[in-house]
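This briefing introduces one protein chain to a reader who has not met it before. It begins with the chain as a whole and then turns to its sheets and to a few single residues.

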Amino acid sequence: MHHQPLAPERPLDRDEVENASLDALRALQLDRLRRSLRHAWDNNPIQQARFRAAGAHPDDLKDLSDLARFPFTTKADLREGYPFGLFAVPRERILRLHASSGTTGRPTVVGYTARDLEIWADVMARSIRAAGGRPGDMVHNSFGYGLFTGGLGYHSGAEKLGCTVVPVSGGMTERQVTLIDDFRPRLIFGTPSYMLSVIDEFRRRGLDPARSSLEIGMFGAEPWTPSMRDEIEGAFGIRAYDLYGLSEIIGPGVSVECADDPRDGGMTIWEDHFYPEIIDPETGAVLPDGDWGELVLTTLTKEGLPMVRYRTRDLTRLLPGDSRPMRRMARVTGRTDDMIILRGVNVFPTQIEELLLSCPGLAPHFRIELTRPGRMDRMAVLAEAKPAFASEEARAASARDLAHRVKSVIGLTAEVRVLEPGAVPRSEGKAKRILDLRPKD
């Protein structure tokens with residue numbers, strides 16, 4: 001493979017893109033899509049082989065609808081290419097790596113060139129501005145930093161916009177409240193579930209969160225309900241905006257709720273960088289705008305890891321643009337796989353199964369129960385003791401063992417209940433691993 005960089009193109013400022021005509025946007029997308037497909041074909045042997053197997057060539061793209069001829073990319077493809085198999089530039093040109101937790105010890109690894117990092121900062125700056133942020137604003141960032149894309153993604157975008165960033169990261173809730181009280185930020189970033197903990201800490205200290213300096217909250221990395229939005233907005237007296245992204249595409253910054261769009265009217269997708277499709281999750285057929293299905297995204301400007309028709313597994317639909325020509329995506333209603341997103345952490349039942357099988361006192365039967373006893377989602381794991389470990393004392397020890405492994409490996413606190421042998425319900429056919437008892441609102 002010869003590594004040809006993406007040809008430079010005239011940079012477009014944010015206003016030029018956000019105020020473009022629909023025809024101009026579609027022409028830009030077609031040009032960028034041709035470049036991106038050619039870049040993947042020329043510089044990644046795995047992608048070229050996949051295109052060939054599907055009978056597709058970059059020259060076949062005459063119209064945006066021709067993208068449907070190209071194969072889907074899935075999380076499994078990224079894992080099979082672990083760690084750098086799908087990169088389309090030499091490893092030496094990758095300036096930063098991020099990774100998500102893997103189900104079998106293999107995380108999903110993503111890489112960014114200098115240009116990719118600039119684009120990421122730009123779409124995040126655009127997102128923060130669309131939600132009402134302005135240069136000079138103080139922003140409090142409580143997203144986790146590290147391999148997770150949240151913290152650094154928001155951080156880079158806020159700096160690009162010209163904000164003053166307080167990089168607090170997650171946890172240390174008492175300190176978060178102190179800094180909000182002392183530094184008086186206008187914006188706050190974080191997972192919506194963590195914001196509930198911040199609200200609780202305000203009240204525990206006798207402080208009224210509504211009297212804080214905060215005016216705007218930008219939240220993401222997990223699904224959240226309208227009632228959770230109402231609670232956060234009511235407690236802080238702020239406007240809360242949803243922001244969507246995923247590391248395989250870029251990280252946070254794929255789409256955002258805009259301050260000048262209708263409330264709950266969906267999130268504007270930055271279509272000059274990410275081309276959306278909605279497909280039937282069963283057949284893979286492309287569905288018309290307005291129909292519910294699985295969101296598929298193709299990157300138009302990524303150098304390090306160009307993604308072609310990436311299946312997000314998120315269920316949504318595409319809506320027309322409102323204040324901008326870009327289409328909007330409705331609130332995600334669920335997933336086509338069995339991934340659980342709990343407090344910003346992705347969990348697959350296979351991860352729990354793997355950890356359970358490493359515990360000597362536990363049989364390979366389990367069920368995950370998701371509940372929301374108050375405002376926070378909780379996960380309980382119902383496991384089953386092996387006959388030789390069936391005493392009450394042995395079951396308690398196995399429960400502690402599994403809870404410790406879940407916390408250490410996945411990073412979540414789970415309630416573990418170890419039942420007597422034979423007590424976990426059996427399924428005929430495919431095992432029903434997840435029992436979602438959370439209220440639907």
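Two strands are said to pair if DSSP finds at least two bridges between them. By that criterion, β19 and strand β20 (residues 415-419) pair in the parallel sense, and five bridges link them. The model described here is a predicted one, and the points below are grouped by topic.

**The chain as a whole**

- The protein chain contains 11 helices and 21 strands. Its radius of gyration is 23 Å, close to the 22 Å that the globule rule gives for 441 residues, so the chain is as compact as a globular protein of that length.
- Taken along its principal axes, the C-alpha trace of the protein chain spans about 70 × 55 × 40 Å.
- Of the 441 residues in the protein chain, 54% count as buried, and the chain exposes about 18600 Å², of which carbon and sulfur atoms supply 52%.
- When contacts between residues at least 6 apart in sequence are considered, 66% of them join residues at least 24 apart.
- The protein chain carries 59 positive and 63 negative side chains, and the centres of these two sets lie 2 Å apart.

**The nine-stranded sheet**

- Strands of a sheet pair through backbone hydrogen bonds, either parallel or antiparallel.
- One open sheet is built from nine strands in the order β4-β3-β5-β6-β7-β8-β9-β14-β13, and its pairing is mixed. At its edges stand β4 (164-167) and β13 (318-319), each with a single partner strand, so one side of each is left without a neighbour in the sheet.
- Within this order, strand β5 (residues 187-190) and strand β6 (residues 216-219) pair in the parallel sense over four bridges, and Leu187 has Ile216 in β6 as its bridge partner.
- In a regular strand the side chains alternate between the two faces of the sheet. In β6, Ile216 and Met218 point one way while Gly217 and Phe219 point the other way, and all of them are buried.
- Strand β8 (residues 251-256) includes Ser255, which is buried with a relative accessible area of 0%. Apart from its neighbours within four places in sequence, Ser255 is in contact with Leu243, Tyr244, Met267, Thr268, Ile269 and Met329.

**Strand β19 and its partners**

- Strand β19 (residues 378-385) has seven of its eight residues buried, so it is largely enclosed by the rest of the structure.
- Strand β18 (residues 362-371) runs antiparallel to β19 and is joined to it by eight bridges, with Ile368 standing opposite Val381 in β19.
- Together, β18 and β19 form a hairpin in which six residues lie between the two strands.
- The parallel partner β20, already mentioned at the start, contains Val418, the bridge partner of Ala383.

**A buried residue in helix α2**

- Leu30 is located in helix α2 (residues 22-43), and a relative accessible area of 17% makes it buried, because the cut-off for that class is under 20%.
- Not counting residues up to four places away in sequence, Leu30 touches Leu61, Lys62, Asp63 and Leu64.
- Leu30 and Glu271 are 241 residues apart along the chain, and yet their C-alpha atoms are separated by 11 Å.

**Backbone features to look at**

- Most residues other than glycine have a negative phi, and most peptide bonds are trans.
- Tyr82 and Pro83 are joined by a cis peptide bond, with omega at about -5 degrees, and Pro83 is placed in the loop between α4 (75-80) and β1 (96-100).
- Met172, although it is not a glycine, has a positive phi of about 50 degrees; it lies in the loop between β4 and α7 (173-183) and counts as partly exposed, at 46% relative accessibility.
- Arg313 is likewise not a glycine and has a positive phi, here of about 70 degrees. Arg313 lies in strand β12 (residues 310-316), and with a relative accessible area of 25% it is partly exposed.

Methods:
Residues are numbered from 1 along each chain as its sequence is written. This is a predicted model: local features need pLDDT of at least 70, side-chain atom pairs count only at pLDDT 80 or more; totals for chains, interfaces and linings use all residues. Side-chain values use heavy atoms; hydrogens and water are left out. The radius of gyration is taken over C-alpha atoms; the globule rule is 2.2 Å times the number of residues to the power 0.38. Buried means under 20% relative accessible area, exposed over 50%, partly exposed in between (1.4 Å probe, protein chains only). Contact means heavy atoms within 4.5 Å. Accessible areas come from the Shrake-Rupley method with a 1.4 Å probe; for residues, only the protein chains shown count as cover. Lys and Arg count as positive and Asp and Glu as negative; His and the chain ends are not counted. The place of a charge is taken as NZ of Lys, CZ of Arg, CG of Asp or CD of Glu.
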